[in-house]
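User: I have a structure open and would like to go through it with you. Could you begin with the vocabulary and then turn to the details?

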Amino acid sequence: MKLPVIKHLTNFIENNDEDFIVETIETLEDLTEVSSLKDEELNVIGELISNMYGAIEVHKAIKGGQPKKEALNEFMKRVTGSIDT
């Protein structure tokens, strides 16, 4: 997951609508069913999907009253912590 990408997607959600991201995730998930995709391509799609899910989580925290910077930092700490263990 990349914080700049999640931050950008969070801004997109704020300026538009979360439904755009949800529908994009659904589209990308459906694309993973294409049997001719290479592992590298699947990895890129997976990274995009995880960043989009991350942006949705951050957006929910912001809607819950958390400041954006704090929501982003807390999310990344959670992600980093789950990777380290």
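Analyst: Helices and strands are runs assigned by DSSP and numbered from the N terminus, with at least four residues for a helix and at least two for a strand. This is a predicted model, and its elements run α-α-α-α from the N terminus on.

User: How many helices and strands are there in the chain?

Analyst: The chain has four helices and zero strands.

User: What is the mean pLDDT of the chain?

Analyst: The mean pLDDT is 94, and 95% of the residues reach 70 or more. Confidence is highest in helix 2 (residues 18-31), at a mean of 98, and lowest in helix 4 (residues 68-84), at 85.

User: Now helix 3, please. How far apart are its end C-alpha atoms?

Analyst: They are 36 Å apart. Helix 3 covers residues 39-63, which is 25 residues, and at 1.5 Å a residue it should span 36 Å, so the two values agree.

User: And what follows helix 3?

Analyst: Helix 3 is followed by Gly65, which has a positive phi, near 105°.

User: Which residues of helix 3 are buried?

Analyst: Among them are Ile45, Ile49, Ser50, Met52, Gly54, Ala55 and Ile62. For the chain, buried residues make up 29% of the 85 residues.

User: At what angle do helix 1 and helix 3 cross?

Analyst: The axes of helix 1 (residues 3-15) and helix 3 cross at roughly 60° and come within 8 Å. Angles of 65 to 115 degrees count as roughly perpendicular and those under 35 as roughly parallel, and helix 1 and helix 3 are therefore oblique to each other. Their crossing is right-handed.

User: Which residues make that contact?

Analyst: On the side of helix 1 they are Val5, Ile6, Leu9, Thr10, Ile13 and Glu14. Helix 3 contributes Asn51, Met52, Gly54, Ala55, Ile56, Val58, His59 and Ile62.

User: A different topic: where is Ser36, and is it buried or exposed?

Analyst: Ser36 lies in the loop between helix 2 and helix 3. Its relative accessible area is 59%; exposed means over 50%, so Ser36 is exposed.

User: How far is Ser36 from Leu9?

Analyst: Their C-alpha atoms are separated by 29 Å, and the two residues are 27 apart along the chain.

User: Lastly, what does the C-alpha trace span along its principal axes?

Analyst: The trace spans about 45 × 35 × 15 Å. As for contacts between residues at least 6 apart in sequence, 67% join residues at least 24 apart.

Conventions
Residues are numbered from 1 along each chain as its sequence is written. This is a predicted model: local features need pLDDT of at least 70, side-chain atom pairs count only at pLDDT 80 or more; totals for chains, interfaces and linings use all residues. Side-chain values use heavy atoms; hydrogens and water are left out. pLDDT is the predictor's confidence in each residue, from 0 to 100. The expected span of a helix is 1.5 Å times one less than its number of residues. Buried means under 20% relative accessible area, exposed over 50%, partly exposed in between (1.4 Å probe, protein chains only). Axes are lines fitted to C-alpha atoms, for helices over the stretch in contact, and angles run from 0 to 180 degrees between N-to-C directions. Angles under 35 degrees count as roughly parallel, over 145 as roughly antiparallel, 65 to 115 as roughly perpendicular and the rest as oblique. A crossing is left-handed if the near helix is turned anticlockwise from the far one by less than a right angle, and right-handed if clockwise. Contact means heavy atoms within 4.5 Å.
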